[in-house]
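Visitor: I'd like to learn how to read a structure like this one. Could you walk me through it?

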Amino acid sequence: MYLFVWNGIFIVVTLGGLRKNLSFTVLMVLLDIAVFFIAAMFTVKASAFTLDGSTSNSLSVLLGKIGGACMFCSALAGWWAVVGLFLEAGGWPFELPQGDTTEYWAEWDQRFISRYHRKRN
């Protein structure tokens, strides 16, 4: 249950991060998926006891591997985002592409505001 609550918190942070850049969005989406699979792994592991007392671990192992792979990819995306921000802040002559989404959201905000004002008037 604890990890499912954190999964919900990460989803809210992901929605907030959509306005920043694609690297942060990819990081958070992969983290959401990883935490979900790890929570599912522990849930399956806790309820996998059979009638004879043995456990069936094949599904929990698979869920753990999927969650671990997503966590590894999330770490790579986080590395990319942090190094890109360090290069940008340090004034280096090159930068890593981050996939800036602020221009898209600015256009979306203008369309939303214009629709809102049309409905009010």
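Visitor: Let me start with one residue: is Glu88 buried or exposed?

Guide: Keep in mind that this is a predicted model. The general idea is to check how much of a residue's area is accessible: over 50% counts as exposed and under 20% as buried. Glu88 has a relative accessible area of 55%, so Glu88 is exposed.

Visitor: Where does Glu88 sit along the chain?

Guide: Glu88 belongs to helix α3, which covers residues 58–90.

Visitor: And which residues form the negative surface patch?

Guide: That patch is made by Glu88 together with Glu95, Asp100, Glu103 and Glu107.

Visitor: Let's step back. How many helices and strands are there in the protein chain?

Guide: You'll find four helices and zero strands. Following the sequence, the pattern reads α-α-α-α.

Visitor: What share of the residues is buried?

Guide: Of the 121 residues in the protein chain, 27% are buried. As for the outside, the chain exposes about 8700 Å², with carbon and sulfur atoms supplying 71% of that area.

Visitor: What about contacts between residues that are apart in sequence?

Guide: Take the contacts with a separation of 6 or more: 59% of them join residues 24 or more positions apart.

Visitor: Can we look at a case? Which residues does Leu30 contact, leaving aside neighbours within four places in sequence?

Guide: Leu30 is in contact with Cys70, Cys73 and Ser74, with those neighbours left out. Leu30 itself is placed in helix α2. Now compare sequence with space: Leu30 and Ser74 are 44 residues apart along the chain, yet their C-alpha atoms are 5.3 Å apart.

Visitor: Now Ser60: is that one buried or exposed?

Guide: Ser60 is buried, because its relative accessibility is 1%. Ser60 is part of helix α3. Beyond residues up to four places away in sequence, Ser60 touches Met41, Val44 and Lys45. You can also check the backbone: the C-alpha atoms of Ser60 and Phe42 are 7.1 Å apart, with their positions 18 residues apart along the chain.

Visitor: And why does Ala40 count as buried?

Guide: Use the cut-off again: buried means under 20%. Ala40 has a relative accessible area of 15%, so Ala40 is buried. Ala40 lies in helix α2, and its contacts, not counting residues up to four places away in sequence, are Phe4 and Leu63. Ala40 and Gly64 are 24 residues apart in sequence, and 8.4 Å separates their C-alpha atoms.

Visitor: Back to the surface. Which residues form the nonpolar patch?

Guide: Met1, Tyr2, Phe4, Val5, Trp6, Ile9, Val13 and Phe36 form that patch, and together they have about 820 Å² of accessible area.

Visitor: Which helix gives the largest share of the nonpolar patch?

Guide: Helix α1, residues 2–17, provides six residues, the largest share.

Visitor: How should I read Phe36 in terms of exposure?

Guide: Between the buried and exposed cut-offs, a residue is called partly exposed. Phe36 is partly exposed because its relative accessible area is 40%. As for its place, Phe36 sits in helix α2, which runs over residues 22–46.

How values were computed. Residues are numbered from 1 along each chain as its sequence is written. This is a predicted model: local features need pLDDT of at least 70, side-chain atom pairs count only at pLDDT 80 or more; totals for chains, interfaces and linings use all residues. Side-chain values use heavy atoms; hydrogens and water are left out. Patches are made of residues with over 30% relative accessible area and no salt bridge: like charges are joined within 9 Å, nonpolar side chains (Val, Leu, Ile, Met, Phe, Trp, Tyr) within 5 Å. Accessible areas come from the Shrake-Rupley method with a 1.4 Å probe; for residues, only the protein chains shown count as cover. A salt bridge is a side-chain nitrogen of Lys or Arg within 4 Å of a carboxyl oxygen of Asp or Glu. Lys and Arg count as positive and Asp and Glu as negative; His and the chain ends are not counted. The place of a charge is taken as NZ of Lys, CZ of Arg, CG of Asp or CD of Glu. Helices (H or I, at least four residues) and strands (E, at least two) are DSSP runs, numbered from the N terminus. Buried means under 20% relative accessible area, exposed over 50%, partly exposed in between (1.4 Å probe, protein chains only). Contact means heavy atoms within 4.5 Å.
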